[in-house]
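Please open the model in your viewer and keep the sequence panel beside it, since this tour moves from one selection to the next. At each stop, select the residues named and then read on.

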Amino acid sequence: MKISTKGRYALRMLVDLGEHRNEGFIALKDTAKRQEISKKYLEQIVPTLNQSGLLISNRGFQGGYQLAEDPSKITVGQVLRLTEGSLAPVVCLEKGQECSRSAFCETLPVWKGLYRVVNDYLDSITLQDVIDQAEANEVDNYVI
């Protein structure tokens, strides 16, 4: 399993919106600049996030985006499944995929276990957890 730039950038965008949630609607250009991501790339990701209900958008002067929910209610797993489609390590674990060997596949339990661990881990981390960790790292970063 490899997370694409779409998944990584979506997560970074949502974390950025969470960090700046008290500032109202955030212009995409501001998030793009802070995160060093192409604004055009973010424009391609936004519709997916918007349609899923993770974002609220506002057009016009002082328009932009903000999280639809508190960052403590949005998990990393939720964001990655939305942008990546599936976190399954093998095709036979994806929904709608039947493998003719599944009834006697010796390795299927390995892939099921990995899939469970990955999902449990990513679902245990919220955007707020990522924000809190980043803030903790900044506090520990001393420059003289």
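Begin by selecting Thr126 together with Pro71, Ser72, Ile74 and Thr75, because once neighbours within four places in sequence are left aside, these four are the residues in contact with Thr126, where contact means heavy atoms within 4.5 Å. Thr126 itself sits in the loop between α5 and α6, the latter covering residues 127-139. Is Thr126 buried or exposed? Its relative accessible area is 12%, and therefore Thr126 counts as buried. Keep in mind throughout that this is a predicted model, and that every value given on the tour is computed from it.

**The whole chain**

Now zoom out and colour the chain by secondary structure, which shows six helices and two strands. Read from the N terminus on, these elements follow the order α-α-α-β-β-α-α-α. The C-alpha atoms, taken along the principal axes, fill a box of roughly 60 × 40 × 25 Å. Of the 144 residues in the chain, 35% count as buried. If you display contacts between residues at least 6 apart in sequence, 64% of them join residues at least 24 apart.

**Helix α5 and its link to α4**

Select residues 108-123, which form helix α5. With 16 residues at 1.5 Å a residue, α5 should span 22 Å, and the 22 Å between its end C-alpha atoms agrees with that. Within this helix, highlight Leu108, Gly113, Val118, Asn119 and Leu122, which are buried. The buried residues of α5 pack against α4, so a useful next selection is α4 itself, residues 76-84.

Between these two helices, show the side chains of Arg81 and Asp123, which form a salt bridge whose closest N and O atoms are 2.6 Å apart. This pair links distant parts of the chain, since Arg81 belongs to helix α4 and Asp123 to helix α5, 42 residues apart. Arg81, at 28% relative accessibility, counts as partly exposed, and Asp123, at 32%, counts as partly exposed too.

**Helix α3**

Move next to residues 39-51, helix α3, whose 13 residues should span 18 Å at 1.5 Å a residue; the end C-alpha atoms are 19 Å apart, which agrees. Look along the helix to Ile45, where α3 bends by about 30°, with a proline, Pro47, following within four residues. Then select Leu42, Ile45, Val46 and Leu49, which are buried in this helix. Which elements cover the buried residues of α3? The cover includes α1 (5-19), α2 (28-35), β1 (55-58), β2 (64-67) and α4 (76-84).

Both ends of α3 deserve a stop. At its start, a side-chain oxygen of Ser38 reaches to within 3.2 Å of the backbone nitrogen of Lys40. Just after the helix, Gly53 takes a positive phi of about 90°.

**Charged pairs**

Side chains of opposite charge can pair when their charged atoms come close. How many salt bridges does the count come to? The count is five, including the Arg81 and Asp123 pair already visited.

Another lies on α3, where the side chains of Lys39 and Glu43 meet with an N to O distance of 3.2 Å. Both residues belong to helix α3 and lie four residues apart, about one turn of the helix. An α-helix has 3.6 residues a turn, so residues three or four places apart point the same way. Lys39 counts as partly exposed at 39% relative accessibility, and Glu43 counts as partly exposed at 37%.

Then select Lys29 and Asp30, whose side chains meet in a salt bridge at 3.6 Å, N to O. Here Lys29, at 54% relative accessibility, counts as exposed, whereas Asp30, at 31%, counts as partly exposed.

**The aromatic pair**

For the last stop, look for aromatic rings, where the count comes to one pair. The rings are those of Tyr9 and Tyr41, with centres 5.2 Å apart and planes at 70°, so the pair is edge-to-face. Because Tyr9 lies in helix α1 and Tyr41 in helix α3, the pair ties together parts that are 32 residues apart in sequence. Tyr9 counts as buried at 19% relative accessibility, while Tyr41, with a relative accessible area of 25%, is partly exposed.

How values were computed:
Residues are numbered from 1 along each chain as its sequence is written. This is a predicted model: local features need pLDDT of at least 70, side-chain atom pairs count only at pLDDT 80 or more; totals for chains, interfaces and linings use all residues. Side-chain values use heavy atoms; hydrogens and water are left out. The expected span of a helix is 1.5 Å times one less than its number of residues. The bend at a residue is the angle between axes fitted to the seven residues ending there and the seven starting there. Buried means under 20% relative accessible area, exposed over 50%, partly exposed in between (1.4 Å probe, protein chains only). A polar contact is a pair of N or O atoms within 3.5 Å; within protein, one must be able to donate a hydrogen and the other to accept it, and residues adjacent in sequence count only if both atoms are side-chain atoms. A salt bridge is a side-chain nitrogen of Lys or Arg within 4 Å of a carboxyl oxygen of Asp or Glu. Rings of Phe, Tyr and Trp (its six-membered ring) pair if their centres lie within 6.5 Å; planes under 30 degrees apart count as stacked, over 60 as edge-to-face and the rest as tilted.
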